[in-house]
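Thanks for making the time this morning. I would like to walk through two places in this structure, so please keep the view open while I talk.

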Amino acid sequence: YKSWILYLCDDAGSAETKKLCEQYAAADPDRVRYIRNETNWANVTRGRNTALLLGECKYYVFMDDDNTMKPARLSEQVMFLLDHNEAGMVWCQSEGFRDGQPCGVLRPNAPKIYDREQLEKDNYIDSNEIMVKAQVFEQIGLFDERMNALEDWDFVLRVGNRFTAYHQPKPLIYYGLHGANR
């Protein structure tokens, strides 16, 4: 998939992070937008919302700095949404990665459909796995910046209240596993 824009949201990172982000933006200024905040926002929500407010895209995905998209992710999820016009969101599976080694598919027994009752008990849809149509944000709003945790869970629940959401049963991202998660 060639029609993409990357919003690099740097939440007061190190000088090395700033330099790296500037290099990426300079290397592809038509597609890479560097957003730097000089003070720490304290959660990822403000960074995501800042990028969304600048948005000029039909579809959005979110990636934390310790996760990686597989090369086919964008094209597969865009094609899925084009084939399912009624959907507002699609999510894929994640493949765990620890110390440079794959660890298998995460949450292999999670529901394969959007099940609000189950989702209220167990957040089985990670924000790194979702692709969301722009119209969803126009209708339900952005991520809730008042939340310091679980803002992705809240967002996915709100999407499901208004839109059809589908699971794409393919691991299309590598999810970094380390002490701070799983």
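**A lysine and a ring cluster**

Let me begin with lysine 133, which, if we set aside its neighbours within four places in sequence, is in contact with Lys58, Tyr59, Leu81, His84, Asn85, Ala87 and Gly88. Please bear in mind throughout that this is a predicted model. Lysine 133 belongs to strand β7, which covers residues 130-133.

What, then, does a lysine that is buried and has no salt bridge have as its nearest side chain of opposite charge? That side chain is glutamate 86, which lies 6.9 Å away from lysine 133, and a salt bridge would need a side-chain nitrogen within 4 Å of a carboxyl oxygen. The side chain of lysine 133 does, however, reach the backbone oxygen of asparagine 85, at 2.9 Å.

Now to the aromatic rings, where a search of the whole structure turns up nine pairs. One of them joins phenylalanine 143 and phenylalanine 155, whose ring centres are 4.5 Å apart with 35 degrees between the planes, so that the pair is classed as tilted, since planes under 30 degrees apart would count as stacked. Phenylalanine 143 sits in the loop between α5 (134-140) and α6 (151-162), while phenylalanine 155 is in helix α6, and the pair therefore ties together parts that are twelve residues apart in sequence.

Both of these phenylalanines, 143 and 155, are buried, and ring pairs link them with Tyr60, Phe62 and Phe137 into a cluster. Finally, please look at arginine 48, which lies over the face of phenylalanine 143, at 5.5 Å from the ring centre.

How values were computed: Residues numbered from 1 in each chain as written. Predicted model: local features only at pLDDT ≥ 70, side-chain atom pairs only at ≥ 80, totals over all residues. Heavy atoms only, no water. Helix = DSSP H or I, 4+ residues; strand = E, 2+ residues; numbered from the N terminus. Buried < 20%, exposed > 50% of the residue type's maximum accessible area, 1.4 Å probe, protein only. Lys, Arg positive; Asp, Glu negative; His and termini not counted. Polar contact = N/O pair within 3.5 Å; in protein donor to acceptor, adjacent residues only side chain to side chain. Contact = heavy atoms within 4.5 Å. Phe/Tyr/Trp six-rings, centres within 6.5 Å; stacked < 30°, edge-to-face > 60°. Lys NZ or Arg CZ within 6 Å of the ring centre and 35° of its normal.
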